[in-house]
Each structure stands twice: as C-alpha cells, then as structure tokens.
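Please open the structure in your viewer and keep a selection box at hand. The tour below moves from one selection to the next and says at each stop what is there.

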Amino acid sequence: WFNCVSGSNWKVTFNDTAPCALRGSSVVFACSYAYPSDQTITNSFWYFSSQRKNNDLFLAQEYRGRVEYLGNKDNNCTLKINNLISSDATQYHFRFETVNKGGKTNAWSSKTWVSLSLTGLTAKVQPATVRAGERVTLTCVTTCTPSDHPTIVWSRDGHSVSNTEFLASSEDSGRYRCAVQGQENLNSAPMSLDVKCE
C-alpha cells in the first residue's frame, strides 16, 4: 500500500485543463510534475475518471495504438492521443508513484484533470440560394474552439475555394465543404449553393 503524502513539493501541472480538438485529429496534453528531491519515480501513468486510479490508460483496449507518452520518468508527463473518437471526450488524470532512499513508497494523483471536448466541422453557406451578383458568406462552425487553432480551407465540388465571401456567379453553384488544412480528411458534410441566373 502507498502512504498518502501532502505538501507543496508534490504537484502536477496541466498547461490547458479544457482542450478542444477535432474528431479524427490528435491532441497533446502538455503536463509537468514535481516531487521532493529524495524521491525516485517508479511508475507514472494517465487514467480517465471512470477508471480506478491504478488503471493505466495505455492498457485500455480502446486506446490501443492511439496513445503516445511524450513525457519521461523525471518531470514531463505530456500525453498525445491520435485518431480521436467521441468516447475520448472525458476527464484525464495523471498519477505517479515513487520510492524514497529508505525504500518507502508514495503515490500522487493530480488534484485537477484535463477535460477534453471534441467537435466536428459544420459548413454554413449563407444564403443557400442567391441570384447572380448577390453576396455569399461561407462560415465553418465548431462547437468549441480547437486548441491548436487549425487553418480552415474550403472547397467546392473538390476544387479549392480561396474566398469565404464573394459575389455569386453561376459557376459558384455546387457543394461546399470546409476542412482542416493538411488534414483534408477532417471535413464537414457538404452544403449546397444554388445560384439563379436573372
């Protein structure tokens, strides 16, 4: 069993406790930890709120092959999760175990947690039906602001669109979608624009 330890020497710090990421993308939880100098780390792991404290996230079937521990056994506890799926939107804790020079074991769990939100992309074409010469505005909507602030790109029927506001002409009719630059597989459902000629 582990002794309960208290004191300011023991801590876990998260850079962002409420990150937002796009489903299908990856997220990094930047994290650092501290402990008294007479302790040596024996084990460190992440777990999520619904798990028991001694369950390592890496052993959970649904995370197999998708999690990377970017930290070390010293003071960095950064975690990366790839190919995010809806069930990843939960609360994550970090825990580490130590032994002191006398062989006494201790353990410390983060007092706070990282609460991950996930979002998709929703394309809005306003208005959806216009006459030639009228203004059209394209907006890409998310339910939370992605922490890595990705660059959003637009396409019409597979062709790149550079302006998100334009005066419509007949060739602007088509199906528009927004996506993340460099990760075009992370895209919205298509929205149609119908340009009527006078």
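Which residue in β21 does Thr129 stand opposite? In this predicted model, Thr129 stands opposite Asp194 in β21, and selecting the two together brings up the pairing of strand β14 (residues 129–131) with strand β21 (residues 191–196), which is parallel and runs over three bridges. Keep β21 selected and add strand β19 (residues 174–180), which is joined to β21 by three bridges and runs antiparallel to it; here Arg175 is the residue that stands opposite Ser192 in β21.

**The whole chain**

Now zoom out and show the C-alpha trace of the chain, which spans about 85 × 30 × 25 Å along its principal axes. When you colour by secondary structure, the chain shows 21 strands and zero helices. Its radius of gyration is 23 Å, well over the 16 Å that the globule rule gives for 198 residues, so the chain is more spread out than a compact globule. If you switch to a surface representation, the chain exposes about 10,900 Å², of which carbon and sulfur atoms supply 47%, while 38% of the 198 residues count as buried. A contact map would add a further view: among contacts between residues at least 6 apart in sequence, 63% join residues at least 24 apart.

**Strands β2 and β5**

Select strand β2 (residues 11–14) together with β5, and you will find the two strands running antiparallel and joined by four bridges; one of the places to centre on is Thr13, whose bridge partner in β5 is Ser32. Strand β5 (residues 31–34) has two faces that are worth colouring separately, since Cys31 and Tyr33 lie on the covered face, whereas Ser32 and Ala34 lie on the uncovered one.

Within β2, centre next on Val12, which counts as buried because its relative accessibility is 14% and the cut-off for burial is under 20%. Leaving aside neighbours within four places in sequence, Val12 is in contact with Cys31, Ser32, Tyr33, Cys77, Phe94, Phe96, Trp108 and Ser110. To follow one of these contacts along the chain, draw a C-alpha to C-alpha distance from Val12 to Ser110: the two residues are 98 apart in sequence but 5.4 Å apart in space.

**The sheet β4-β8-β7 and Arg66**

The next selection is an open sheet of three strands, in the order β4-β8-β7 and with antiparallel pairing. Its edge strands are β4 (27–29) and β7, each of which pairs on one side only, and neighbouring strands of the sheet are turned by 15° against each other on average, direction ignored. Between β4 and strand β8 (residues 79–81) there are three bridges, and the bridge partner of Val28 in β8 is Lys80.

From Lys80 you can step across to Arg66, which touches Lys80, Ile81, Asn82, Asn83, Leu84, Ile85 and Asp88, not counting residues up to four places away in sequence. Is Arg66, in the loop between β6 (39–48) and β7 (67–69), buried or exposed? Arg66 counts as buried, because its relative accessibility is 9%. Showing side chains at this stop reveals a polar contact between the side chain of Arg66 and that of Asp88, at 2.8 Å.

**The sheet β13-β15-β18**

Another open sheet of three strands has the order β13-β15-β18, again with antiparallel pairing. Here β13 (122–126) and β18 (165–167) stand at the edges, each with a single partner strand, so one side of each is left without a neighbour in the sheet. The twist from one strand to the next averages 20°. Strand β15 (residues 135–141) pairs with β13 over five bridges, and Leu138 in β15 is the bridge partner of Val125.

**Last stop: Val153**

Finally, select Val153 in strand β16 (residues 152–156), a residue that is partly exposed, with a relative accessible area of 25%. Beyond its neighbours within four places in sequence, Val153 is in contact with Arg177, Cys178, Ala179, Val180, Gln181 and Glu184. Of these, Gln181 is 28 residues away from Val153 in sequence and 5.7 Å away in space, C-alpha to C-alpha.

Definitions and conventions. Residues numbered from 1 in each chain as written. Predicted model: local features only at pLDDT ≥ 70, side-chain atom pairs only at ≥ 80, totals over all residues. Heavy atoms only, no water. Buried < 20%, exposed > 50% of the residue type's maximum accessible area, 1.4 Å probe, protein only. Pairing = 2+ DSSP bridges. Polar contact = N/O pair within 3.5 Å; in protein donor to acceptor, adjacent residues only side chain to side chain. Contact = heavy atoms within 4.5 Å. Axes fitted to C-alpha atoms, helices over the stretch in contact; angles between N-to-C directions. Rg over C-alpha atoms; globule rule 2.2 N^0.38 Å. Areas by Shrake-Rupley, 256 points an atom, 1.4 Å probe, with all protein chains shown as cover.
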